[in-house]
Amino acid sequence: MEIRKALPEDLPVVGDITRRTIREVYPHYYPAGIVEFFLGWHGDDKIVQDIQAGEVYLLWAGSEAVGTVTLHKDEITRLYVPWARQGRGYGRALLDFAEKAIGEKFGIIRLEASLPAAALYWKRGYRVVDMLTEKQPSGDVLCWDVMEKTWNG
């Protein structure tokens, strides 16, 4: 496994991993209106901005990209591993990488956890510092946790 910074030409791969994971996993946790919100929120226009800022990374297993994570200042965002690739340590590898990079620089790691990921972050020592909701145009209410963890090296 190798983690490397995404390049502009990696946009289709990052977008596919992100949106495929949302389509496969999120319907088990959220109503359709919220799934659509996440798909729109993680559109190519936002991903390309993050790639251009040097914040997006891809995890490669051989010649195949199997996961992605975005590091924005002291925050982990857009950590996705497609359903068929989960349970193989790819998410753990991305999270280890992200925590080390952010923790060594800022001392505290922050993230906003979707319902599917919250339990993983709890197990990794993150604690909820805020719980947010936002009503969507569909009428559905998006709920998520703001979490943080102190870096202990």
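## The largest pocket

The largest pocket holds about 1200 Å³ of space, in a model that is predicted. Of the 45 residues that line this pocket, those closest to its centre are Tyr26, Leu79, Tyr80, Ser114 and Tyr121.

Sorted by class, the lining of the largest pocket comprises 22 nonpolar, 12 polar and 11 charged residues. Among the contributors to this lining, strand E4 gives the most, with 6 residues, and the strand itself spans residues 75-80.

## Arginine 78, within strand E4

Strand E4 also contains arginine 78, a residue other than glycine whose phi is nonetheless positive, near 45°. Arginine 78 has a relative accessible area of 8%, and because buried means under 20% relative accessible area, this arginine is classed as buried.

## Lysine 73, in the loop before strand E4

A positive phi is found again at lysine 73, likewise a residue other than glycine, where the angle is near 55°. Lysine 73 does not sit in a strand but in the loop between strand E3, which covers residues 64-72, and strand E4, which covers residues 75-80.

The relative accessible area of lysine 73 is 59%, and since the term exposed applies over 50%, lysine 73 is counted as exposed. The two residues with positive phi described here can therefore be set side by side: lysine 73 is exposed in its relative accessible area, whereas arginine 78 is buried.

How values were computed. Residues are numbered from 1 along each chain as its sequence is written. This is a predicted model: local features need pLDDT of at least 70, side-chain atom pairs count only at pLDDT 80 or more; totals for chains, interfaces and linings use all residues. Side-chain values use heavy atoms; hydrogens and water are left out. Helices (H or I, at least four residues) and strands (E, at least two) are DSSP runs, numbered from the N terminus. Buried means under 20% relative accessible area, exposed over 50%, partly exposed in between (1.4 Å probe, protein chains only). On a 1 Å grid over the protein atoms alone, a cavity is a set of points where a 1.4 Å probe fits but cannot get out, and a pocket is an open set with protein on both sides within 12 Å along at least five of seven lines; lining residues have an atom within 4 Å of a point. Grid points are joined across faces, edges and corners, and a volume is the space filled by probe spheres set on the points. Ala, Val, Leu, Ile, Met, Phe, Trp, Tyr, Cys and Pro count as nonpolar, Asp, Glu, Lys and Arg as charged, and the others, Gly among them, as polar.
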